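Thanks for passing this one along. Here are my notes, written as numbered points so that you can follow them with the model open beside you.

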Amino acid sequence: GVLEIRAGIQKLAETTMGAKPWSEADLLSLTRYLDPNGDGDLDIGEFKEGIKRSKETPAALRFAQRAGRIMGRMEDFMKSNQMRIKDLFRYVDKDRSGHIDLDELRLGLKEMSTTGAEKFASKKEGLVAARKKREEEKVAKLRAE
């Protein structure tokens, strides 16, 4: 857990860096930084990601925080509309090219407002109804044969 991470980091500092023991505040900050999911266990992926993030510029970190807020809103939109990632991609990829350009992204984010969510729900209901009708027609055709 968290205590093991702190003890390991403290021992690393003392044995390899010849440094004075770090303060509890330093260890807590480092633990939060390296263990973003807060589960108290530091896996190799979290460690690698932490090292990679430590090399980023402050401007890049600020950008990541802003992008993270936008991603959070997109995730909320997906959850509230019972969407998968590929559903969200299709929602934003207006021209169905398989790529999202800046204009499509801008429009998609704008539509994810309440009005956009209502539009999507309505469109989804229409698609579900159309699929149901096609299935009923297939069954009727099979029964007629």
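1. A word on terms before we start: a pocket is an open set of grid points with protein on both sides within 12 Å along at least five of seven lines, and its lining residues are those with an atom within 4 Å of a point. Helices are DSSP runs, numbered from the N terminus. Please also keep in mind that this is a predicted model.

2. Let's begin with the overall picture. The chain holds seven helices and zero strands, and its elements, read from the N terminus, run α-α-α-α-α-α-α. Of its 145 residues, 21% count as buried.

3. How far can you trust it? Mean pLDDT for the chain is 76, with 72% of the residues at 70 or more. Confidence is lowest in helix α1 (residues 2-16), where the mean is 61, and highest in α5, where the mean is 88.

4. The helix I would look at next is α4. It is made of 23 residues and spans 33 Å from its first C-alpha to its last, close to the 33 Å expected at 1.5 Å a residue. Three of its residues, M74, F77 and M78, are buried. It helps to recall that an α-helix has 3.6 residues a turn, so residues three or four places apart point the same way.

5. Those buried residues lead to the largest nonpolar core, which has eight members: M74, F77, M78, M83, L88, Y91, V92 and M112. Two elements give two or more residues to this core, namely α4 (58-80) and α5 (85-92).

6. Now to the second largest pocket, which encloses about 230 Å³ of space. The elements giving two or more residues to its lining are α4, α5 and α6, and α4 supplies the largest share, six residues. In total 13 residues line this pocket, and I70, M71, M74, L105 and L109 lie nearest its centre. By character, the lining divides into twelve nonpolar residues, no polar ones and one charged. Note that M74 appears here as well as in the largest nonpolar core.

7. Is E75, a residue of helix α4, buried, exposed or partly exposed? E75 counts as partly exposed because its relative accessible area is 42%, which falls between the 20% and 50% cut-offs. E75 and I85 are ten residues apart in sequence, and their C-alpha atoms are 8.9 Å apart in space.

8. Two backbone details deserve a glance. Q82, in the loop between α4 and α5, has a positive phi of about 50 degrees although it is not a glycine. This residue comes just after α4. Q82 is classed as exposed because its relative accessible area is 67%, and the cut-off is over 50%. R96 also has a positive phi, of about 55 degrees, and is not a glycine either; R96 sits in the loop between α5 and α6 (102-111).

9. Finally, which side of the cut-off does D93 fall on, buried or exposed? D93 belongs to the loop between α5 and α6. D93 counts as buried because its relative accessibility is 4%, and buried means under 20%. D93 and L107 are 14 residues apart in sequence, with 9.7 Å between their C-alpha atoms.

Notes
Residues are numbered from 1 along each chain as its sequence is written. This is a predicted model: local features need pLDDT of at least 70, side-chain atom pairs count only at pLDDT 80 or more; totals for chains, interfaces and linings use all residues. Side-chain values use heavy atoms; hydrogens and water are left out. A nonpolar core is a set of buried Ala, Val, Leu, Ile, Met, Phe, Trp, Tyr and Cys residues joined through side-chain atoms within 4.5 Å. Buried means under 20% relative accessible area, exposed over 50%, partly exposed in between (1.4 Å probe, protein chains only). Helices (H or I, at least four residues) and strands (E, at least two) are DSSP runs, numbered from the N terminus. The expected span of a helix is 1.5 Å times one less than its number of residues. On a 1 Å grid over the protein atoms alone, a cavity is a set of points where a 1.4 Å probe fits but cannot get out, and a pocket is an open set with protein on both sides within 12 Å along at least five of seven lines; lining residues have an atom within 4 Å of a point. Grid points are joined across faces, edges and corners, and a volume is the space filled by probe spheres set on the points. Ala, Val, Leu, Ile, Met, Phe, Trp, Tyr, Cys and Pro count as nonpolar, Asp, Glu, Lys and Arg as charged, and the others, Gly among them, as polar. pLDDT is the predictor's confidence in each residue, from 0 to 100.
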